[in-house]
Amino acid sequence: MDSLWTDCDAMDDGTSDGSCSAPKRVFVTKNLYDSVNGIDRSIGDARCNAAVLAAGLPGTYVAWLSLYFAGPPEVWVDAADRIPEAEYRLVDGTLVADSKADLLDGSLDHAIDHDEYGAAITVPPSATNLVWSATNTDGTADWQTCTNWTGGGTYLGASFDTTSGAWTLGGAILDCSTIDTNGGAHLYCFQQ
Ligand SMILES: [Ca+2]
């Protein structure tokens, strides 16, 4: 399976001509975190990279988090713009999406339900299937971002245990402080 992650661009025809690129890893964190992921989402990114370091995974990761900040000035950041064009796979190699477009078409090839160790998360012991996201199925930002990821406010729930668009936005309006009090939610982490 190791060869799966190597640079197929050089392997397929001996030259790095952009004809092929290695897949990127995506996982849902084993741990739960509160809604304070940072207005620039740097706290969320740091949480992903701490998980990656602990698990011994290669690469740098970003948290799947969008932002709407009422301002002024008003700021929108789409999670889709934070990840590269790539084929995405779970840590164990299971295909999630052939491309960014496939990731964002409302249906995953496989749920992002394995953590940074490659283990399936079950509920319990994770206690919740909720994931911080604030991102629409097409990868754009929703306006409810737990008060700009500073805590409190609301967001539309996302669940890791589905291949439907609810993996990133589920529809139910949830109170972020209540989730924090109950132990928090997971993060999706995407390799850069
Ligand atoms: Ca798809």
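## Starting from Val26

Val26 is a good place to begin: this residue counts as buried because 23 other C-beta atoms lie within 10 Å, where the cut-off for burial is 20 or more. Everything described here comes from a predicted model. Val26 sits in strand S1, which covers residues 24-28.

Who are its neighbours? Setting aside residues up to four places away in sequence, Val26 touches Tyr88, Leu90, Val96, Ile112, Tyr188, Cys189, Phe190 and Gln191. Take Val96 as an example: 70 residues separate Val26 and Val96 in sequence, yet their C-alpha atoms are 8.3 Å apart in space.

## The nonpolar core

Let us step out to the core around this residue. The largest nonpolar core holds 47 residues, and the members touching the most other members are Val26, Ile112, Val131, Tyr188 and Cys189. Strand S11 (residues 186-191) gives the most to this core, with four residues.

Ile112 deserves a look of its own. Apart from neighbours within four places in sequence, Ile112 is in contact with Val26, Phe27, Val28, Val96, Phe160, Trp167 and Tyr188. Val96 and Tyr188 are thus on this list, and both also touch Val26.

## A helix with two sides

Now turn to helix H2, residues 42-55. Its 14 residues should span 20 Å at 1.5 Å a residue, and the end C-alpha atoms are indeed 20 Å apart, so the expected and computed lengths agree.

Which residues of H2 are buried? They are Gly44, Asp45, Arg47, Cys48, Ala51 and Val52. These residues cover an arc of only 160° around the axis, so they lie on the same side of H2. An α-helix has 3.6 residues a turn, so residues three or four places apart point the same way. The buried residues of H2 pack against strand S2 (61-63) and S11, and S11 is the strand that gives the most to the largest nonpolar core. On the other side of H2, Leu53 and Ala54 are exposed. Just after the helix, Gly56 takes a positive phi of about 75°.

## The whole chain

Seen as a whole, the chain has five helices and eleven strands. Its C-alpha trace spans about 55 × 40 × 30 Å along the principal axes. A compact globule of 192 residues would have a radius of gyration near 16 Å, and the chain agrees because its own value is 16 Å.

Of the 192 residues, 39% count as buried. Among contacts between residues at least 6 apart in sequence, 62% join residues at least 24 apart; the pair Val26 and Val96, 70 residues apart, touch each other too.

Conventions. Residues are numbered from 1 along each chain as its sequence is written. This is a predicted model: local features need pLDDT of at least 70, side-chain atom pairs count only at pLDDT 80 or more; totals for chains, interfaces and linings use all residues. Helices (H or I, at least four residues) and strands (E, at least two) are DSSP runs, numbered from the N terminus. A residue is buried if 20 or more other C-beta atoms lie within 10 Å of its own, exposed if 12 or fewer, and partly exposed in between; C-beta atoms are placed from the backbone. Two residues are in contact if their C-beta atoms, placed from the backbone, lie within 7 Å. The radius of gyration is taken over C-alpha atoms; the globule rule is 2.2 Å times the number of residues to the power 0.38. A nonpolar core is a set of buried Ala, Val, Leu, Ile, Met, Phe, Trp, Tyr and Cys residues joined through C-beta atoms within 7 Å. The expected span of a helix is 1.5 Å times one less than its number of residues. The arc is that of the directions from the helix axis to the C-beta atoms.
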